[in-house]
Amino acid sequence: MGQMENKFNTQLSQLRRQAGLSQEQLASQVFVTRQSVSKWEQGETTPDLDTLISLATVLGVSLDELVSGRSTAIHQTETEATFDQPEPAGAKEWGILASGGFKSLD
């Protein structure tokens, strides 16, 4: 199995710029110094997992996209989801209440 390519330093720089943030602004949002962000972007060091999660959240991307550059569909809305389950038997005769109860529709 091949090793996943780490593009974190270039992704971080690109995503930060796309978000219109300076190194200082990004640093303050994830509670680190500007120098830490600079070292990450230069590939000298990498952040811990908690900071990676914070960075992904601030930049609006998945961890996979932040680290490897691969975009994933994490922003799928409920209306975009498709459900292939058949309607339950008797669903037309009985209404299913949000509370989990049933109400006769007769």
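Where is the place of Phe31? Select Phe31 in this predicted model and look at the loop between helix 2 and helix 3, where the residue sits. Its phi is near 60°, a positive value in a residue other than glycine. Most residues other than glycine have a negative phi. Phe31 counts as exposed, because its relative accessibility is 76% and the exposed class begins over 50%.

**The whole chain**

Next, show the whole protein as a cartoon. There are five helices and two strands, and along the sequence they follow the pattern α-α-α-α-α-β-β. Of the 106 residues in the protein, 25% are buried. Among contacts between residues at least 6 apart in sequence, 45% join residues at least 24 apart.

**Helix 1**

Now select helix 1, residues 8–18. Phe8, Gln11, Leu12, Ser13, Leu15 and Arg16 are its buried residues. An α-helix has 3.6 residues a turn, so residues three or four places apart point the same way. The buried residues of helix 1 pack against helix 2, helix 3, helix 4 and helix 5 (63–68). Move just past the end of helix 1 to find Gly20, which takes a positive phi of about 75°.

**Helix 1 with helix 4**

Add helix 4, residues 49–59, to the selection. The two helices pack at an angle of about 35°, with their axes 10 Å apart. The crossing of helix 1 and helix 4 is left-handed. Show side chains here: from helix 1, Phe8, Leu12, Leu15 and Arg16 meet Leu52, Leu55 and Leu59 of helix 4. Sorted by type, the residues of this contact are six nonpolar, no polar and one charged.

**Helix 1 with helix 3**

Hide helix 4 and bring up helix 3, residues 34–42. Here the axes of helix 1 and helix 3 come within 6 Å and cross at roughly 125°, which means that helix 1 is oblique to helix 3. On the helix 1 side, select Phe8, Asn9, Leu12, Ser13 and Arg16; they meet Val37, Trp40, Glu41 and Gln42 in helix 3. The residues of the contact between helix 1 and helix 3 divide into four nonpolar, three polar and two charged.

**Arg16**

Which residues does Arg16 touch? Select Arg16, whose place is in helix 1, and leave out residues up to four places away in sequence: the partners are Leu21, Ser22, Gln23, Leu26, Val37, Glu41 and Leu59. Arg16 counts as buried because its relative accessible area is 6%, and the limit is under 20%.

**The nonpolar core**

Now turn to the largest nonpolar core, which has 15 residues. To find its middle, select Phe8, Leu12, Leu26, Leu55, Leu59 and Leu66, the residues with the most contacts inside this core. Helix 1, helix 2 (23–29), helix 3 and helix 4 are the elements that give two or more residues to it. Which element gives the largest share of this core? Helix 4 does, with four residues.

**Leu66**

End the tour at Leu66, one of the core residues just selected. Leaving aside neighbours within four places in sequence, Leu66 is in contact with Lys7, Phe8, Gln11, Leu12, Leu15, Leu52, Leu55, Ala56, Leu59 and Val61. Several of these names have come up already: Phe8, Leu12 and Leu15 in helix 1, and Leu52, Leu55 and Leu59 in helix 4, take part in the contact of those two helices.

Technical notes:
Residues numbered from 1 in each chain as written. Predicted model: local features only at pLDDT ≥ 70, side-chain atom pairs only at ≥ 80, totals over all residues. Heavy atoms only, no water. Axes fitted to C-alpha atoms, helices over the stretch in contact; angles between N-to-C directions. Left-handed = near helix turned anticlockwise from the far one by under 90°. Contact = heavy atoms within 4.5 Å. Nonpolar A, V, L, I, M, F, W, Y, C, P; charged D, E, K, R; others polar. Parallel < 35°, antiparallel > 145°, perpendicular 65-115°, else oblique. Core = buried A, V, L, I, M, F, W, Y, C linked by side-chain atoms within 4.5 Å. Buried < 20%, exposed > 50% of the residue type's maximum accessible area, 1.4 Å probe, protein only.
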